[in-house]
Amino acid sequence: LPEYAFIGRSNVGKSSLINMLCNRKDLAMTSSRPGKTLLINHFLINKNWHLVDLPGYGYATAGKKMRDQLQDIIESYILNREQLTCLFLLIDCRHEPQKIDLEFMEWLGENGVPFSIVFTKLDKLTHAKGKSNVQAYKDKLSEQWEELPPIFLTSSEKRTGRDEILGYIEGINKTL
Ligand code: GDP
């Protein structure tokens, strides 16, 4: 079955987004403690695809050795997993473009990994500020790529962006 993986820095709102997409409050554990998801978790959706919860990256608290091990697990999944159809990179829309996220996208591009960007926590922002961060990311990416990846604006709190992401995934599934 095709797999759609979700990744982002810890505390970006990944668990909340996965819960929203899966329509279940308790499916992926949410935590105020960053970096609690340590292994790769699969959730079967609609009996025809897997949602894959990848560990967060950019831990401040985990030791360097732990970081490297996690890095290896994430990298090898992303580069070698044949079923991986699209990677969703989560970005907190309150933050201006971050080096770690931009470098990660560059690495995805270099390795030909299809990805989309999901901006999270839209409800926490004034419209104008959210738009300007999103635009700043678009501008940065335009410097590198002729074509921008698909971009989704979401709020797990308000259930914004759910239909768009699920529709996008089902659309791809139909072509497989
Ligand atoms: P993870 O570490 O990336 O899995 O992040 P979580 O899903 O555990 O969320 C981290 C914190 O952000 C929690 O306190 C959530 O309640 C909060 N959060 C996540 N998504 C949203 C959102 O869409 N809106 C708001 N207001 N808060 C959110």
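Here are some quick notes on this predicted model of a protein chain with its ligand.

1. Ground rules first. Numbering starts from 1 along each chain as its sequence is written, and side-chain values use heavy atoms, with hydrogens and water left out. As the model is predicted, local features need pLDDT of at least 70 and side-chain atom pairs count only at pLDDT 80 or more, while totals for chains, interfaces and linings use all residues.

2. Confidence: mean pLDDT (the predictor's confidence in each residue, from 0 to 100) is 85 for the protein chain, with 84% of residues at 70 or more. Watch residues 29-33, where pLDDT stays under 50. Where pLDDT is low, the predicted coordinates should not be read in detail.

3. Fold: the protein chain has five helices and six strands, counted as DSSP runs (H or I, at least four residues, for helices; E, at least two, for strands). The order from the N terminus is β-α-β-β-α-β-α-β-α-β-α.

4. Ligand polar contacts (pairs of N or O atoms within 3.5 Å; within protein, one must be able to donate a hydrogen and the other to accept it, and residues adjacent in sequence count only if both atoms are side-chain atoms): ligand oxygen atoms sit 2.8 Å from a backbone N or O atom of Lys14, 2.9 Å from a polar backbone atom of Asn11 and 3.1 Å from a polar side-chain atom of Lys121. The protein covers 80% of the 570 Å² of accessible area that the ligand has on its own (Shrake-Rupley method, 1.4 Å probe; for residues, only the protein chains shown count as cover).

Conventions
Contact = heavy atoms within 4.5 Å.
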